[in-house]
Each structure stands twice: as structure tokens, then as C-alpha cells.
Amino acid sequence: MFDYQGKVVAITGGASGIGKQMAMELADRGAKYFALADMRAPELKTTTEELRAKGVEVISAAFDVTDDDDFEYFAKLVFNKFGCCDFFFNNAGVSPNHVMWEMPLKDWQWVFDVNVFGVVRGINAFVPKMIASDKECYIFNTSSLAGLATFWGGGAYISSKHAVVGLTEVLELDLRHFNTKVKAYAICPGFVTSNLYRSDTYRPEGEDWMPVGPAYQTDAYQEIVARSSASAVLNMPTDEAVRNILEEFEADKFILLTHQAVGTRCLERYDRFFNKKLRPFYEQPKSMDQELAKKKA
Ligand SMILES: NC(=O)c1ccc[n+]([C@@H]2O[C@H](COP(=O)([O-])OP(=O)(O)OC[C@H]3O[C@@H](n4cnc5c(N)ncnc54)[C@H](O)[C@@H]3O)[C@@H](O)[C@H]2O)c1
């Protein structure tokens with residue numbers, strides 16, 4: 001098993017869900033110094049207190065990963081306080097869904113600013129400092145099953161998460177090319193219990209950003225909202241998901257899955273395109289169909 005004793009861990013989107021559980025699990029495994037960031041200050045405060053109760057040292061920073069200066073400040077805070085960062089989790093993300101041609105452009109921009117440029121900001125703020133510390137350390141960019149496979153109605157989220165897999169692969173190539181001691185990983189969770197379904201409430205503040213208006217009243221949008229809520233039946237418990245991610249990390253895989261079956265689905269996807277020469281296809285899990293039928297009844 002990897003020796004986590006005394007390690008320094010920084011996590012964006014650390015107030016809830018997978019980020020929070022990762023902090024808790026790493027504290028249980030011996031990591032000692034934590035820096036949590038999240039845009040939701042009250043939830044961040046609660047998580048910080050829960051983590052401290054495990055006897056570890058925790059600093060926290062409430063900021064939005066769409067802000068360049070705040071991200072730089074966060075990285076400086078971590079290195080000034082702890083002297084290094086062994087594990088950096090670029091984890092904050094949002095997941096509003098919409099049928100492709102109805103999704104307002106501002107929603108695309110918001111999703112990409114958080115899910116893609118948020119990750120790029122994290123790389124720019126942390127990686128130079130991690131390289132300069134000249135010790136083995138690890139950066140984890142959180143993508144998704146949606147970074148490897150597709151489903152209808154998830155255009156912005158799926159394209160943002162595909163971008164994260166691609167950019168993380170290139171990050172790893174760059175880190176190897178320049179012979180650094182930093183290693184990059186792409187975390188690709190399947191459905192996991194978290195607050196991700198509440199993403200719409202993490203929008204930038206202001207009326208312009210509210211999901212109101214005709215674009216959010218269409219039948220297609222209502223169908224997508226119903227499906228998102230029904231997908232909860234597929235959720236893996238957060239603690240199990242985090243243990244699986246760490247197991248994959250310890251096995252030195254590059255793409256870290258929560259659900260092993262995802263790998264097979266990805267191979268099938270490319271087999272479909274290249275060998276079978278078929279068009280894209282999505283089959284909704286039966287348990288989701290049953291859940292949707294229950295909700296309608
Ligand atoms: N839960 C799943 O099923 C699942 C599946 C695949 C990928 N993921 C990815 O896992 C990551 C963690 O999500 P989660 O499922 O734990 O959801 P979550 O909503 O519980 O946690 C995400 C955290 O990110 C924070 N956040 C959102 N936008 C932010 C911003 N602009 N600036 C700072 N913080 C921000 C939120 O406040 C929240 O605390 C995300 O990148 C998500 O896309 C989750």
C-alpha cells in the first residue's frame with residue numbers, strides 16, 4: 001500500500017461529495033496537512049471542522065475556480081504554509097445538462113470555465129511549484145465516465161470532461177518529456193452519490209445566470225431533468241468510489257475509475273466506430289427506465 005503518512009493534500013471542490021470524501025479517506029490513511037477550496041463558504045467551513053476533528057491540520061480557502069488570481073493565491077497559501085503539495089486534486093466541477101441545440105451559450109461558457117479552465121488554472125497555479133519542490137508528487141484532474149463515453153443530452157458536460165482527459169494525457173506527456181517528478185492522473189468516476197445534481201445552484205451570482213426562461217421550459221429539458229434525477233439509482237456510495245480511485249492510483253493506472261465496467265464500455269465504443277463502422281448509440285440502463293416509470297406513475 002502507498003505510504004500516505006504525513007502527506008500534504010490540496011483539493012478544489014473539497015466541501016462536498018468526492019472531494020470531501022477523498023480528504024476524509026486520506027486523513028484516515030495518514031495524510032496530515034490539508035488545504036480545502038470551494039466556492040460554498042458555509043459547506044467548506046463545516047467540512048473543514050469535520051476534517052480537523054480527525055486530528056489533522058486544515059487550511060481552507062473559499063473561492064471560485066473561475067478566478068485566476070484566487071487560484072494563484074490558493075497555491076501560494078498551500079506552499080507557504082506546508083512547503084510542498086504531495087497530492088493536488090483539481091476536482092471542482094458542475095454538471096448541468098441540456099439538449100445540444102437548446103442549451104444557452106452562457107451555460108456552455110460556465111461549464112467550460114469551471115470544468116476545463118478551472119482545471120487549467122489549477123495546473124498553472126500548482127504544477128510549477130510542484131516541479132520546483134523537486135519531490136515526487138501527484139496531480140489528479142477529475143474528468144468523468146462522461147470523459148470516456150457519451151449519452152444524449154449531456155453535450156456541454158461530456159465535451160468538457162473529454163477535454164479534461166485529453167489535456168491530462170498531454171500534461172503527463174509534458175511532465176515526462178521534461179523529466180519532472182510530478183505525475184498526472186485523470187479521475188473518471190461513474191455515477192457516485194454527491195451534490196452534483198445541485199450544480200445549477202453553483203452558478204455565478206446574478207439574474208443573468210439563473211436557469212429561467214424559455215430554454216429551461218422545453219419538453220427536452222424536462223426529460224433531461226427527470227432522467228438526471230432517476231440516475232441516482234445508479235449511484236455508488238462515495239466512500240466506496242474513493243477507495244476504488246485510490247486502489248487504481250496505487251496500481252499506477254493513468255485513468256482512475258470508480259466503476260471497472262466503464263473500461264469495457266469504452267473499448268466497445270471504439271470497436272463500434274472503427275471495427276463495426278456503426279453510428280453512436282446509447283442504451284439507457286434498465287434500472288433508470290424503471291425509476292423514471294415509477295416517478296411518472
Ligand atoms: N458524482 C458523480 O456521479 C460524478 C461522476 C463523474 C464525475 N464527477 C466529477 O467529480 C467532481 C466532484 O463532483 P461531486 O460529484 O463530488 O459533486 P459535488 O457537487 O458534491 O462537489 C463538487 C464541489 O465543487 C464545488 N464547486 C462547483 N463549482 C465551483 C467553482 N466554480 N469554484 C469552486 N468550487 C466549485 C461545489 O461547491 C461542490 O462542493 C466533479 O468534477 C464532477 O464533475 C462526479
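**A predicted protein chain with a bound ligand: group meeting presentation**

Good morning. Let me begin with a single pair of residues: Val9 stands opposite Phe87, a residue of strand β4. Before I go further, please note that the structure shown above is a predicted model.

The two residues just named belong to neighbouring strands. Strand β1, residues 8-12, and strand β4, residues 87-90, pair in the parallel sense, and three bridges link the two. On to the next pairing: β4 also pairs with strand β5, residues 137-142, again in the parallel sense, here over four bridges. In that pairing, Phe89 stands opposite Phe140 of β5.

Which way do the residues of β4 point? Phe87 and Phe89 point one way from the strand, whereas Phe88 and Asn90 point the other way. All four are buried. As a general matter, side chains in a regular strand alternate between the two faces of the sheet.

Let me now widen the view to the sheet. It is an open sheet of seven strands, and their order is β3-β2-β1-β4-β5-β6-β7, with parallel pairing. Which strands stand at the edges? They are β3, residues 57-62, and β7, residues 255-257. Each has a single partner strand, so one side of each is left without a neighbour in the sheet. From one strand to the next, the twist averages 20°.

Next, the chain as a whole. The protein chain contains ten helices in addition to its seven strands. Along the principal axes, its C-alpha trace spans about 55 × 50 × 30 Å. For 297 residues, a compact globule would have a radius of gyration near 19 Å, and the value for this chain, 19 Å, agrees with that. Of the 297 residues, 37% count as buried. Among contacts with a separation of 6 or more, 74% are between residues 24 or more positions apart.

Two individual residues illustrate the two ends of burial. Phe79 lies in helix α3, residues 68-82. Is Phe79 buried or exposed? Phe79 is buried, because 20 other C-beta atoms lie within 10 Å, and a count of 20 or more qualifies as buried. Leaving aside residues up to four places away in sequence, Phe79 touches Cys84, Cys85 and Lys129. By contrast, the C-alpha atoms of Phe79 and Pro211, 132 residues apart along the chain, are separated by 38 Å.

The second residue is Pro237, placed in the loop between α7 (219-230) and α8 (238-250). Pro237 is exposed, because the count is 11 other C-beta atoms within 10 Å, and 12 or fewer qualifies as exposed. Ten residues further along the chain is Glu247, and the C-alpha atoms of Pro237 and Glu247 are separated by 16 Å.

Finally, I turn to the ligand. How many residues surround the ligand? There are 29, and the closest are Gly13, Gly17, Gly93, Ser144 and Ser194. Helix α1, residues 17-28, contributes the largest share of this shell, with three residues. By character, the shell divides into 13 nonpolar, 13 polar and three charged residues.

To close, I return to the starting point: Val9 and Phe87 stand opposite each other, within the pairing of β1 and β4, and that pairing is part of a seven-stranded open sheet. Thank you for your attention.

Note on methods: Residues are numbered from 1 along each chain as its sequence is written. This is a predicted model: local features need pLDDT of at least 70, side-chain atom pairs count only at pLDDT 80 or more; totals for chains, interfaces and linings use all residues. The radius of gyration is taken over C-alpha atoms; the globule rule is 2.2 Å times the number of residues to the power 0.38. Two residues are in contact if their C-beta atoms, placed from the backbone, lie within 7 Å. A residue is near a molecule or strand if its C-beta atom, placed from the backbone, lies within 6 Å of it. Ala, Val, Leu, Ile, Met, Phe, Trp, Tyr, Cys and Pro count as nonpolar, Asp, Glu, Lys and Arg as charged, and the others, Gly among them, as polar. Two strands pair if DSSP finds at least two bridges between them. Axes are lines fitted to C-alpha atoms, for helices over the stretch in contact, and angles run from 0 to 180 degrees between N-to-C directions.
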